[in-house]
Amino acid sequence: MKKAVFPGSFDPFTNGHHSIIERAIPIFDEIIIGIGNNSKKKYLFPLENRIKALEVLYQKQPKVKVQAYEGLTVNFCKSIEANYIVRGLRTAADFEYERTIAQMNNALVPQLETIFFLSHPNLSALSSTVVRDIYVNGGDVKQFLPEGYPIL
Ligand code: ADP
């Protein structure tokens, strides 16, 4: 069984994340959206809201589940017996950052493979950070969020 974790903060989950999930669905048997929770980090949207919103968004997609976790992503993957980590790449900067993490994760748990999806060109400028900035300054962020993602 091919079980993957798509880890991130998803604060909020955007069309960019949604596109990665849609493309990963035909490849894996199960995809866990792992919401990494760092108690020292401040988030805009409370963890409970992010979990609920994703459960609603993927309620009709049995392959996709949502779980929060603390600590190392590799330990979370081991605890749920997932062998794959899914990540998205938008830019060369993403690549350099992701390369280090993937190689370190692979050193920690050699059977864990990270699978990268290149962002679609029309989504490569989209990030949760920019969406948060627009949102806190009163802008309309609906077009950047998946339809049926009820976080606002
Ligand atoms: P983190 O908190 O680890 O930075 P994010 O929640 O921002 O994670 O994103 C999780 C994953 O989704 C990362 O691999 C990131 O590169 C990817 N991602 C974010 N936005 C996009 C996008 N617009 N297109 C493709 N991948 C994306």
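1. In this predicted model, a polar side-chain atom of Arg87 lies 3.1 Å from an oxygen atom of the ligand, and this pair counts as a polar contact because the cut-off for two N or O atoms is 3.5 Å. The protein covers 87% of the 560 Å² of accessible area that the ligand has on its own.

2. Two further polar atoms, both of the backbone, deserve attention alongside the side chain of Arg87. A polar backbone atom of Gly88 is 2.7 Å from an oxygen atom of the ligand, while a polar backbone atom of Leu126 is 2.9 Å from a nitrogen atom of the ligand. A reader who follows these contacts in the structure should therefore look at the main chain of Gly88 and Leu126, given that a polar contact is any pair of N or O atoms within 3.5 Å.

3. As to the site as a whole, the ligand sits in the largest pocket, and 16 residues surround the ligand, of which Ser9, Phe10, Gly88, Leu123 and Leu126 come nearest. By residue class, the shell around the ligand divides into six nonpolar, six polar and four charged residues.

4. Which helices and strands each supply at least two residues of the shell around the ligand? They are strand S1, covering residues 3–8, and strand S4, covering 84–89, together with helix H1 at 15–24 and helix H4 at 92–108.

5. The two strands that contribute to the shell are also partners in pairing, since S1 and S4 run parallel and are joined by two bridges, with Ala4 standing opposite Tyr84 in S4. S4 pairs in addition with strand S5, residues 113–118, again in the parallel sense and over six bridges; here Val86 stands opposite Ile115 in S5. When tracing side chains along these strands, it may help to recall a general point. In a regular strand the side chains alternate between the two faces of the sheet.

6. The loop between S1 and H1 merits a separate check of its backbone geometry, for two reasons. Pro12 lies in this loop, and the peptide bond from Asp11 to Pro12 is cis, with omega near 5 degrees. Phe10 lies in the loop between S1 and H1 as well, and phi of Phe10 is near 50 degrees, a positive value in a residue other than glycine. Phe10 is also among the residues that come nearest to the ligand, and a reader examining the site will thus meet this backbone feature there.

Technical notes:
Residues numbered from 1 in each chain as written. Predicted model: local features only at pLDDT ≥ 70, side-chain atom pairs only at ≥ 80, totals over all residues. Heavy atoms only, no water. Near = heavy atom within 4 Å. Polar contact = N/O pair within 3.5 Å; in protein donor to acceptor, adjacent residues only side chain to side chain. Areas by Shrake-Rupley, 256 points an atom, 1.4 Å probe, with all protein chains shown as cover. 1 Å grid on protein atoms, 1.4 Å probe; cavity = no way out; pocket = protein on both sides within 12 Å on 5 of 7 lines; lining within 4 Å. Sits in = over half its atoms within 2 Å of the grid points. Helix = DSSP H or I, 4+ residues; strand = E, 2+ residues; numbered from the N terminus. Nonpolar A, V, L, I, M, F, W, Y, C, P; charged D, E, K, R; others polar. Pairing = 2+ DSSP bridges.
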